[in-house]
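Hello,

Here is the structure we talked about handing over. Please have a look at it first; my notes follow underneath.

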Amino acid sequence: MDFLYTEEQRMLADSLRRLVDQAWTRPQRRAREAAGRLDPAAWSALAELGVLGLNIPQEAGGFGEVPASLLPVHLELGRGLVAEPVIPSAVMGAALIGACDDKARDRWLPDIASGDKVVSVAYQEPGRRYQADPEGCRATRSGDGWRLDGAKHLVWHGAAAHAWLVSARGEDGVTLLLAVPADAAG
C-alpha cells in the first residue's frame with residue numbers, strides 16, 4: 001500500500017497546516033472553548049480551504065475525493081488540536097446523507113460542503129454502549145412527517161448542529177435515518 005501523498009494532498013496538508021498554525025493557537029482554542037459554541041470564522045476558514053467538502057460529490061458542491069484523502073487532513077487537524085465538528089458533520093453526516101435519496105443529498109450536502117450547515121449523528125442510546133442499532137427510539141408516521149419517541153445521548157457536537165441525523169426503529173422494524181432540524185418542536 002502506498003502511503004505517499006499525491007501532489008494535491010501535499011498542497012492541501014501544507015495549506016491546512018498554515019491555517020491551523022495561524023488560527024488554532026492555544027489562546028484561540030481556549031477562547032473558542034470558553035465561548036461554548038461553534039466559531040463561525042474558524043468553520044468558514046475550514047470550508048474555504050475545502051476541508052468540509054472533500055468527500056462530498058462535485059455535483060453537490062464538494063470535491064468528490066476518495067476517503068483516503070482524509071488522512072492528511074485529519075493528521076493536520078489532530079496536530080493542531082482542532083475541535084470543530086469536521087468528523088461528525090463533513091465525514092459521518094455527509095457519508096450517511098450521501099447514501100440517501102436525491103432529495104436528502106440535494107437538501108444537505110451543498111450546505112455541509114460550504115460550511116453553511118452542520119449536522120451531527122444521533123445514534124447512541126442510554127444503556128446501550130457501543131450498539132449502533134436503535135432499540136428505544138421509535139419512528140411512526142404522523143401526517144406528512146414522522147413522530148420520534150425515545151432518547152439519544154452523547155451526540156458528538158450536537159449543540160453546534162443545525163440538524164441531527166437520528167436513527168430510529170420504524171413501524172415495520174426497519175431502521176430509519178431521519179434529519180431532525182435543531183429548531184424542531186419537541
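How many salt bridges does the count come to? The count comes to eleven. Please keep in mind that this is a predicted model, and that every value below is computed from it.

Salt bridges

I describe three of the pairs here. In one of them, the side chains of Glu 76 and Arg 17 meet, with 2.9 Å from N to O. This pair links distant parts of the chain: Glu 76 belongs to helix H4 (residues 70–79) and Arg 17 to helix H1 (residues 7–23), and the two are 59 residues apart. The two partners differ in burial class: Glu 76 counts as buried because its relative accessibility is 8%, under the 20% cut-off, whereas Arg 17, at 37%, counts as partly exposed. Leaving out residues up to four places away in sequence, Glu 76 touches Ala 13, Leu 16, Arg 17 and Val 20.

A salt bridge also joins the side chains of Asp 149 and Arg 147, at 3.1 Å from N to O. Asp 149 is partly exposed, with a relative accessible area of 32%, and Arg 147 is partly exposed as well, at 47%. Elsewhere, salt bridges that share partners join Arg 17, Asp 21, Glu 76 and Arg 79 into one network.

The remaining pair I looked at is Arg 107 with Asp 111, where the closest N and O atoms are 3.9 Å apart. That figure falls within the 4 Å cut-off for a salt bridge. Both residues sit in helix H6, and because they are four residues apart, about one helical turn separates them. An α-helix has 3.6 residues a turn, so residues three or four places apart point the same way. Arg 107 is partly exposed, with a relative accessible area of 42%, and Asp 111 is partly exposed at 22%.

Helix H6

Does the length of H6 agree or disagree with what its 13 residues should span? At 1.5 Å a residue, helix H6 (residues 102–114) should span 18 Å, and its end C-alpha atoms are 18 Å apart, so the two agree. The expected figure comes from multiplying 1.5 Å by one less than the number of residues. H6 nevertheless has a kink of about 30° at Trp 108, shortly before the proline Pro 110.

Trp 108 is also one of the buried residues of H6, along with Ala 104, Leu 109, Ile 112 and Ala 113. What covers these buried residues includes helix H3 (40–49) and helix H5 (86–98), together with strands E1 (119–122), E4 (163–169) and E5 (175–181). After H6 comes Gly 115, which has a positive phi near 85°.

Positive phi outside glycine

Leu 81 is not a glycine, yet its phi is positive, at about 55°. Leu 81 lies in the loop between H4 and H5. Its relative accessible area is 54%, so Leu 81 is exposed.

His 157 is not a glycine either, and has a positive phi of about 60°. The place of His 157 is in the loop between E3 and E4. With a relative accessible area of 26%, His 157 is partly exposed.

A buried glutamate in a loop

Where is Glu 125 placed? Glu 125 is in the loop between E1 and strand E2 (138–142). Its relative accessible area is 5%, which means that Glu 125 is buried. Setting aside residues up to four places away in sequence, Glu 125 touches Pro 134, Glu 135, Gly 136, Cys 137, Ala 151, Lys 152 and His 153. Val 174 is 49 residues from Glu 125 in sequence, and the C-alpha atoms of the two are 17 Å apart in space.

The largest pocket

About 540 Å³ of space lies in the largest pocket. Its lining is made up of 20 residues, and those nearest the centre are Leu 148, Val 166, Val 180, Ala 184 and Ala 185. Strand E3 (145–149), E4 and E5 each supply at least two residues of that lining. E4 and E5 also appear above, among the elements that cover the buried residues of H6.

Regards

How values were computed
Residues are numbered from 1 along each chain as its sequence is written. This is a predicted model: local features need pLDDT of at least 70, side-chain atom pairs count only at pLDDT 80 or more; totals for chains, interfaces and linings use all residues. Side-chain values use heavy atoms; hydrogens and water are left out. The bend at a residue is the angle between axes fitted to the seven residues ending there and the seven starting there. Buried means under 20% relative accessible area, exposed over 50%, partly exposed in between (1.4 Å probe, protein chains only). Contact means heavy atoms within 4.5 Å. On a 1 Å grid over the protein atoms alone, a cavity is a set of points where a 1.4 Å probe fits but cannot get out, and a pocket is an open set with protein on both sides within 12 Å along at least five of seven lines; lining residues have an atom within 4 Å of a point. Grid points are joined across faces, edges and corners, and a volume is the space filled by probe spheres set on the points.
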